[in-house]
Amino acid sequence: MGALWVVGEPGPEHGLARISTEIATLVRDLAASSGRDVVGIVVAADPGEPAAELARYLPVVFAIQDEAADALAWSSVAAAHVAALATADAPDLILAGAGPDGRDLAGALSAQTGLGVLTNATGVAWADGGPTVEMSVFGGKLVTTSGFTANRGIVTVRPNVATATPAASPGRIEPRTVGGPTLPAVRVVERVSEAGTAAPIEEAKIIVAGGRGVGGPGGFDLVEQLAGSLGGAVGATRAAVDSGWIPYSQQIGQTGKIVKPELYLALGISGAIQHKVGMQTAGTIVAVNRDPDAPIADFADLLVVGDLFEVGAALLEQLRGRSG
Amino acid sequence: MRIVVLIKPVPDPASAGERLGPDGRLDRAAVPAVVNGNDEYALEAALKLVALAPEGSDVTLLSMAPASAPETLRKALAMGATRGVLVTDPALAGADAVSTARVLAAALRELEFDLALAGVDTSDGVGGTVSAAVAAHLGLPFLSYAARIEPDEAAKAVRVRRISPTGYDLLEAPMPALISCTQALGEPRYPSLKGIMAARSKEIVSRSLADLGIDQATVGGAVATTAVLGTRTPPARGATEIVRGTPAEGASRIVELLAARRLI
Ligand SMILES: Cc1cc2nc3c(=O)[nH]c(=O)nc-3n(C[C@H](O)[C@H](O)[C@H](O)COP(=O)(O)OP(=O)(O)OC[C@H]3O[C@@H](n4cnc5c(N)ncnc54)[C@H](O)[C@@H]3O)c2cc1C
Ligand SMILES: Nc1ncnc2c1ncn2[C@@H]1O[C@H](COP(=O)(O)O)[C@@H](O)[C@H]1O
């Protein structure tokens, strides 16, 4: 009987990505329902800190030290180690995040092991001897439950599927070394931080998003102030990104990010289908739009008809009044 | 510079009519097909790169799709690609990501290229794993989430800005390499009338599994590693409350709702 593996992904400051702690929490429940062991795996140039962080959530973490994990693109290096380990240990399930690193890892791992991949899980359960995976498809119109024909495979998991909760006591860390075929090297020449990069939107519980109606880069000041006041992140439509008002990293929708915050506050956003598919599973959707017939009126919980600058300023004042 | 762009025809997301057939697979007949959005960014990037050094350059489209796909590929040819290769075979119906990656890798093996470009993900599957798998099969360096692509033909190397949570990572690898592409590469062009006319006579080569030396029994729906077990329609969102009034009234209603739902 194979174990359930969580591959820890690199996070800020050589730490662990938050998504990995969420997946670790999720998989602890699966351990009980499946009767299987759960194991975390960290591949890093210096696995100390990320492995210790993952071990706060899981009983066992394999730590694989490899300088290349930092000097080269992480996913190719990690995939080769995890594939070699998987060939030896035959896990039943390998989980990673549904973001760039997790997807790159899952694709390479699938090619190397022949295991199938189920992607963008919004839930993972155990039934009839194998994992079952819920996914939201067709822009949220349908939820599918899928399984692996061989009852084993790789799953990528969306952010915010579980709330990261450390285990009662930390697990142990086992250094591991595995030999196996490597993937072609992709050198990291440099890592560049861009000034003004806003908080990541995938993990945010509250998102305040601006569209074309915001009118210009200056208009995002109000969006940012509201986000700050609500403790949320700033999102945008493609129209705002294409206009150069805000970086592409904040774009929500079909060719941007898919988010599921508890609150989505949309300012000057029409709610085009390509935007809607990225945010329509948000818990609560509030829109401010001067056009009562904008498509967003069909799927928001609350639409305030009015000028976003006027309503936004009033909202900011009232929110500040509450916290003050 | 010779570039291959991996193009997937997908049901038009703007039609909002996508559905699964009784077999749990995407019902491709239900909705008109378009080129996957991210693949258009990849194609646009390819067209810009070959325009820098047109001599001996070309852009080949590679698609694994039903036999009806040429209609969709014509639009991409009209944007300026040189030719298309369509891998199509009845045995590929119901192919999963594992089969898709194997077949695309086999088709790429037959082509000469400096760069192969793919989209970061697809609007129908949103898997985002196929390109990494293709690269691994072929032993190609894989540079993903590209916001900028800078090949150096003399050095036979390529640099890519990979979008990171705080900015970007500058990656470098020897060519040939496979790159997954994002919208940050730039808006795709509209086909010109001349392009549309020219596309009519451009070549689309069809390849079967046998042509690629792949045994029909080893790919496609029959050996899929994943299966849809069931579906449900998510609960519809409640009715929309519409508030008109002064800005202060609108703001108060928002605050009330957020407080009632414990969001503030
Ligand atoms: C392949 C493809 C992929 C795409 N991917 C994405 C994607 O990932 N994400 C995305 O967002 N879009 C995407 N789009 C674009 C999408 O179709 C829309 O064009 C876009 O979402 C519109 O953005 P918007 O709502 O900001 O602008 P608009 O549609 O122009 O809406 C602006 C709204 O603001 C309102 N408004 C204006 N001024 C004010 C004011 N002062 N006060 C209050 N309200 C005001 C207007 O009434 C209007 O409803 C994609 C399109 C294609 C073809
Ligand atoms: N059937 C296909 N034919 C051609 N390219 C494909 C196909 N499936 C996936 N791709 C490429 O791989 C990328 C990622 O696809 P996916 O992993 O399925 O989301 C797409 O944007 C395409 O560039």
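Okay, one definition before anything else: two strands pair if DSSP finds at least two bridges between them. Keep that in mind, and keep in mind too that this is a predicted model.

Let's use that definition straight away, in chain B. Strand β6(B) and strand β10 of chain B, which covers residues 177-181, are joined by five bridges, and the two run parallel. If you want a spot to look at, find Gly119(B), which sits opposite Cys181(B) in β10(B).

β6(B) has another partner as well. Strand β1 of chain B, residues 2-6, pairs with β6(B) in the parallel sense, this time over three bridges. Here the place to look is Leu115(B) in β6(B), with Ile3(B) standing opposite.

So how many residues of strand β6 of chain B are buried? Five of the five, residues 115-119, so the strand is largely enclosed by the rest of the structure. And you can check that face by face. On one side you have Leu115(B), Leu117(B) and Gly119(B), on the other Ala116(B) and Ala118(B), and all of them are buried, which leaves both faces of β6(B) covered.

Staying in chain B, let's move to Asp58(B), which is part of strand β4, residues 58-64. Buried or exposed, what would you say for Asp58(B)? The cut-off for buried is under 20% relative accessible area. Asp58(B) comes in at 10%, so it counts as buried. What is around it? Setting aside neighbours within four places in sequence, Asp58(B) is in contact with Met1(B), Arg2(B), Ile3(B), Val50(B), Thr82(B) and Arg83(B). You'll recognise Ile3(B) there: that's the residue opposite Leu115(B).

Now a residue with contacts in the other chain. Pro234(B) is in the loop between β12 (226-232) and β13 (241-243) of chain B. Its relative accessible area is 23%, and that makes Pro234(B) partly exposed. Which residues does Pro234(B) touch, once neighbours within four places in sequence are left out? Gly140(A), Lys141(A), Leu142(A) and Val143(A). One more thing on this loop residue: go 10 residues along the chain to Ala224(B), and the C-alpha atoms of Pro234(B) and Ala224(B) are 26 Å apart.

Let's zoom out to the whole of chain B. We're looking at six helices and 13 strands. Its C-alpha trace spans about 65 × 45 × 40 Å along the principal axes. Of the 264 residues in chain B, 52% are buried. Take the contacts in chain B with a separation of 6 or more, and 71% of them are between residues 24 or more positions apart. On the outside, chain B exposes about 11,400 Å², with carbon and sulfur atoms supplying 54% of that. As for charges, there are 27 positive and 29 negative side chains in chain B, and the centres of those two sets are 4 Å apart.

And finally, chain A. This one has nine helices and 15 strands. Its radius of gyration is 21 Å, close to the 20 Å that the globule rule gives for 324 residues, so chain A is as compact as a globular protein of that length. The box filled by its C-alpha atoms is roughly 60 × 45 × 40 Å, again along the principal axes. Buried residues make up 58% of the 324 in chain A. For charges, chain A has 21 positive and 33 negative ones, and their mean positions lie 3 Å apart.

Key: Residues numbered from 1 in each chain as written. Chains lettered and ligands numbered in written order. Predicted model: local features only at pLDDT ≥ 70, side-chain atom pairs only at ≥ 80, totals over all residues. Heavy atoms only, no water. Helix = DSSP H or I, 4+ residues; strand = E, 2+ residues; numbered from the N terminus. Rg over C-alpha atoms; globule rule 2.2 N^0.38 Å. Buried < 20%, exposed > 50% of the residue type's maximum accessible area, 1.4 Å probe, protein only. Lys, Arg positive; Asp, Glu negative; His and termini not counted. Charge placed at Lys NZ, Arg CZ, Asp CG, Glu CD. Contact = heavy atoms within 4.5 Å. Areas by Shrake-Rupley, 256 points an atom, 1.4 Å probe, with all protein chains shown as cover.
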